[in-house]
Number of protein chains: 2
Amino acid sequence: MKKYLKVLKKCPLFTEIEEEDLLRMLVCLGARVEFFDKKYTVFSEGSPAKFIGIVLSGSVQIVQVDYYGNRSILSELSASEVFAEAFACAETPALPVSVIMCEPGEVMLIDCSHILHTCHNHCGFHQTLIFNLMKDLAMKTIIFHQRVEITSKRTTREKLLAYLNVQSQKAGKDSFDIPFDRQELADFLVVDRSGLSAEIGKLKKEGVIDVEKNHFTLLM
Amino acid sequence: MKKYLKVLKKCPLFTEIEEEDLLRMLVCLGARVEFFDKKYTVFSEGSPAKFIGIVLSGSVQIVQVDYYGNRSILSELSASEVFAEAFACAETPALPVSVIMCEPGEVMLIDCSHILHTCHNHCGFHQTLIFNLMKDLAMKTIIFHQRVEITSKRTTREKLLAYLNVQSQKAGKDSFDIPFDRQELADFLVVDRSGLSAEIGKLKKEGVIDVEKNHFTLLM
DNA sequence: CTCCTTTTGTTGAAAATTCAACAGAAATTT
DNA sequence: AAATTTCTGTTGAATTTTCAACAAAAGGAG
């Protein structure tokens, strides 16, 4: 497990926990690591939510597909980010989303019942873990709010600009990469891909943005 | 505070906490109760998030308004439900939403720093509180996912039907009330009110649903 | 390097949403 | 009980999105 320490220390689940404590803790929690190839389904919609996942390398997407085949992308997560924690904590009988490997890499899986139902009052690290989980879930809720704010816009243009503003703020720069290709961005914004392409073209021509593949620059 | 016990016991924040402990705890947390009239703004967008709110009576709406004046309704909460907890826990400098009193009533306010930063390791109730907060935030995240699932549909009809299905499941019946008037429902689903009215009319004519004001029945 | 697959931008037609405006119904106030 | 305000359903026109199809560009495999 030692080789994952660097990534894990950045994981919001483990803030305020020292390296050696962390290592012991992982054993106690029964954490295991698995490697997945690109496009592999780590968790699939409908299966029971038992595990919390942590991205160690590569990246994953959280995806929802309705019965018309419309895909919506909820988020893309990279190293040291946590996924499925809300469902695992709430002990949901069926996951409403799938988790797909986006860039091949390793994922740490922790059976959430080990966090929720064991040594409730004694172990100090355990309490810290619950506290961190709470903080993490609060943060996730806020990110969800941002998504709602973006997808609540009525037009493709407004959604795109709202998204780019959030990304720009997140990057702290006017110039930044986005983690989606065009189809994925469309699925995230809940719009049609061709319409999105057209809108990007317009904004470019109007001098509002500059685009080079996945690299965007806000000009005004 | 005694007269609020019945409502507070149903509050997800206080599960597993005995009445007398709860009363002492509320004092320790500096909880206070305020009455607000209909349409009163309890928290307003942009203000710092310091307090967790609990609806004691009446109801509140969580609302977001963009600079075009488009309102989107995130949720409506009634007695014993908690609001603003995510922002308070994450200590967000500026609330991204407003909380508006919908039906006049009382609200309990708890300064979240009293939950996050005090007697971290000692008091047992405190730990239970953090655990409950974590559970509550997990649940909120899941409700958010439902909202995303609904608003990710491409047409007014699909959004409406997805919403009604969720409400029906929640009620455990095919027949149920919704907490929104038409304009509010439109703002929740992110669609145009007149288009929504038209769609409701169609579904009624087609025999898919039955509607009487805010009471809906799924027929198929 | 070439072949094959995936991604992207463009098009035009069809479908759906939005917008503004209005009138009747329902609810609230005086 | 009358007057006023709010809510709802309807309309038609304008706008926007969606959909399907295609070709150029980019990327990957052998």
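Let us start at DNA strand D of this predicted model. Around DNA strand D there are 14 residues, and those that come nearest are Thr156(A), Asp192(A), Lys213(A), Arg193(B) and Ser197(B). Of the atoms of this strand that come within 4 Å of the protein, 51% belong to sugar and phosphate.

Three contacts from chain A are worth finding on your screen. Asp192(A) uses its backbone: an N or O atom there lies 2.7 Å from a phosphate oxygen of DNA strand D. Lys213(A) uses its side chain instead, with a polar atom 2.9 Å from a phosphate oxygen of DNA strand D. Ser194(A) turns to a base, where an N or O atom of its side chain is 3.2 Å from a base nitrogen of DNA strand D.

Which elements build the surface near DNA strand D? At least two residues each are supplied by α8 of chain A and by α7 (182-189) and α8 of chain B. The most comes from α8(B), which gives three residues. By residue type, the surface near DNA strand D divides into seven charged, six polar and one nonpolar.

Now move over to DNA strand C. It too has 14 residues around it, and the nearest are Arg182(A), Arg193(A), Ser197(A), Thr156(B) and Asp192(B). Sugar or phosphate accounts for 56% of the atoms of DNA strand C within 4 Å of the protein, while the rest belong to bases.

Here the contacts are made by both chains. From chain A, a polar backbone atom of Arg182(A) is 3.0 Å from a phosphate oxygen of DNA strand C. From chain B, a polar backbone atom of Asp192(B) is 2.7 Å from a phosphate oxygen of this strand, and the side chain of Ser194(B) has an N or O atom 3.2 Å from a base nitrogen. The elements that give two or more residues to this surface are α7 (182-189) and α8 (193-205) of chain A, along with α8 (193-205) of chain B. The largest share, three residues, comes from α8(A). The surface near DNA strand C is made up of seven charged residues, six polar ones and one nonpolar one.

How are the two protein chains related? Chain A is superposed on chain B by a rotation of 180° with 0.0 Å of shift along its axis, and the RMSD is 0.0 Å. That is the relation of a two-fold axis. The same surface serves both copies, since 100% of the contact residues of chain A recur in chain B. To find the axis from chain A, look for Met134(A): its C-alpha comes closest of the residues of that chain, at 2.2 Å.

Next, follow helix α5 of chain A, which covers residues 124-151. Does its length agree or disagree with what its residue count suggests? At 1.5 Å a residue, its 28 residues should span 40 Å, and because the end C-alpha atoms are 41 Å apart, the two agree. This helix is mostly covered, with 21 of its 28 residues buried.

A shorter stop is α7(A), where six of the eight residues are buried. These are Glu184(A), Leu185(A), Ala186(A), Asp187(A), Phe188(A) and Leu189(A). What do they pack against? Their partners are β4 (59-65), β5 (71-78), α5, α6 (156-171) and α8 of chain A. At the start of α7(A), a side-chain oxygen of Asp181(A) reaches to within 3.1 Å of the backbone nitrogen of Gln183(A). After α7(A) comes Val190(A), whose phi is positive, near 60°.

Let us finish with two residues of chain B. Gln61(B) lies in strand β4, residues 59-65. Is this glutamine buried or exposed? Gln61(B) counts as buried because its relative accessible area is 5%, under the 20% cut-off. Its side chain makes a polar contact with the side chain of Glu76(B), at 3.1 Å. Gln61(B) also touches residues farther along the chain, among them Arg71(B), Ile100(B), Phe180(B) and Glu184(B).

Ala84(B) sits in the loop between β6 (82-83) and α3 (85-89) of chain B. With a relative accessible area of 11%, Ala84(B) is buried as well. Beyond its sequence neighbours up to four places away, Ala84(B) touches Phe43(B) and Phe51(B). Ala84(B) and Lys50(B) are 34 residues apart in sequence, yet their C-alpha atoms are 8.8 Å apart in space.

Technical notes
Residues numbered from 1 in each chain as written. Chains lettered and ligands numbered in written order. Predicted model: local features only at pLDDT ≥ 70, side-chain atom pairs only at ≥ 80, totals over all residues. Heavy atoms only, no water. Helix = DSSP H or I, 4+ residues; strand = E, 2+ residues; numbered from the N terminus. Buried < 20%, exposed > 50% of the residue type's maximum accessible area, 1.4 Å probe, protein only. Polar contact = N/O pair within 3.5 Å; in protein donor to acceptor, adjacent residues only side chain to side chain. Contact = heavy atoms within 4.5 Å. Least-squares fit on C-alpha atoms with pLDDT ≥ 70 in both. Near = heavy atom within 4 Å. Nonpolar A, V, L, I, M, F, W, Y, C, P; charged D, E, K, R; others polar. Expected span 1.5 Å × (residues − 1).
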